Amino acid sequence: MRTQRRAKAIAVIASGLIALAAPAFAATTLTVGKASPTSDALLPANVGDTLGIFKKHGLDLKIIEFGGGSKMAQALAAGSIDIGDGAGTEMAFVAKGAPMLAVCESTAPAPFLAIGVPWDSPIKTLDDLKGKLIGVSNSGSFSDWSGHQLAKKKGWGPDGVKTVAIGNGAAAVGAAMKTHQVDAMISNASLFFTLEDDKSARFLAPVSSYEGNVASGAIFASNQLMQSNPDAIRAFLAGWIETVDYMRAHRDETIKLEAGITHFDERVMAREYDLVIGMFTKDCRFDPESMAALKDSFIELKLVDTAPDMAKLYTEAFLPK
């Protein structure tokens, strides 16, 4: 009996040692490319990664930041990244044949994108911008389209405002404001909040004050990932939705996290949070108003020759049931 008990004890210890030696379940690594490092529409990727939400869904994220949506889309098409975190305007690349699809409309309106003016500018309202020169990040960009949308919505005609590419970096925007290189600029609201501190610029209004839903944020997956690991896309979108739910329910904690990511002051991020938190979609589903606005923008910005069938540019197949 003693020998049997000893044998059982040894077996239990051995099985425990084997369990300890066995490797832990390996998380799936996804390379996620962000079109901008500080855009609020894209921050849930960082927030969820920091909180370990994506790890809970079996994912290990490698986040790469790009200087614009076109560079992000090119990297996705080239296979350098698995997931693209950008804007709905990048769906134009899908229309042109890029091997990717939009899999989530992450934000609908765009309150994070705003119009700012030099601190001492006489411009006080959007109506004062008629005939003015507005700086944008790049020609054909979402900010460029937003400038011309202002003229369209106000009934000023196609030449109601003029746009010029300035870039979207803090230094470029700050210099354009200080030197009055432009009458106004379309850039991140948080940047204008920061420039108000040294009286370089004033926040005038978010572009959402005259635009409706425009799919300001969208998540893309490469064709290769859709074919090889569709469950990884489902896990990412589930993690994204859970992260956004957390952000809505935890204002102060989210502000601290976002300040650490963007390096903007917490006071600035508090103003930003209150301005933008309502823009996130609850379920990633694609909104008909957004799709119609994007379809018009592709033609107006000459991104495509003919209006595309928007239903072929996205899929909801990977969304949580």
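**Pockets, a disulfide and the nonpolar core**

Sorted by class, the lining of the largest pocket comes out as 15 nonpolar, 19 polar and 3 charged residues. (Ala, Val, Leu, Ile, Met, Phe, Trp, Tyr, Cys and Pro count as nonpolar, Asp, Glu, Lys and Arg as charged, and the others, Gly among them, as polar.) The model is a predicted one, where local features need pLDDT of at least 70 and side-chain atom pairs count only at pLDDT 80 or more, while totals for chains, interfaces and linings use all residues. Residues are numbered from 1 along each chain as its sequence is written, and side-chain values use heavy atoms, with hydrogens and water left out.

A pocket here is an open set of points on a 1 Å grid over the protein atoms alone, where a 1.4 Å probe fits, with protein on both sides within 12 Å along at least five of seven lines; lining residues have an atom within 4 Å of a point. Grid points are joined across faces, edges and corners, and a volume is the space filled by probe spheres set on the points. On that basis the largest pocket holds about 800 Å³. Its lining runs to 37 residues, with G68, G69, S137, S141 and N168 nearest the centre. Two or more lining residues apiece come from α4 (69-78), α5 (91-95), α6 (142-154) and β8 (184-188); helices (H or I, at least four residues) and strands (E, at least two) are DSSP runs, numbered from the N terminus.

The second largest pocket comes in at about 250 Å³. It is lined by 13 residues, and H148, Q149, P158, E300 and L301 sit closest to its centre. Helix α6 turns up again, giving the largest share of this lining with 6 residues. By class, this lining splits into 4 nonpolar, 5 polar and 4 charged residues.

There is 1 disulfide (cysteine sulfur atoms within 2.5 Å) in the structure. It pairs C104 with C284, sulfurs 2.2 Å apart, and the link is left-handed, at -65 degrees about the S-S bond. The two cysteines are 180 residues apart: C104 belongs to strand β4 (residues 100-107), and C284 to the loop between α12 (266-276) and α13 (288-300). Both C104 and C284 are buried (under 20% relative accessible area, 1.4 Å probe, protein chains only).

The largest nonpolar core (buried Ala, Val, Leu, Ile, Met, Phe, Trp, Tyr and Cys residues joined through side-chain atoms within 4.5 Å) takes in 102 residues. The members touching the most others are L30, M91, I115, L129, F220, F236 and L237. Helix α10 (residues 230-249) gives the most to this core, 9 residues. Leaving out residues up to four places away in sequence, F236 is in contact (heavy atoms within 4.5 Å) with L30, V32, F54, L59, L61, I83 and I219.

Key. Buried < 20%, exposed > 50% of the residue type's maximum accessible area, 1.4 Å probe, protein only.
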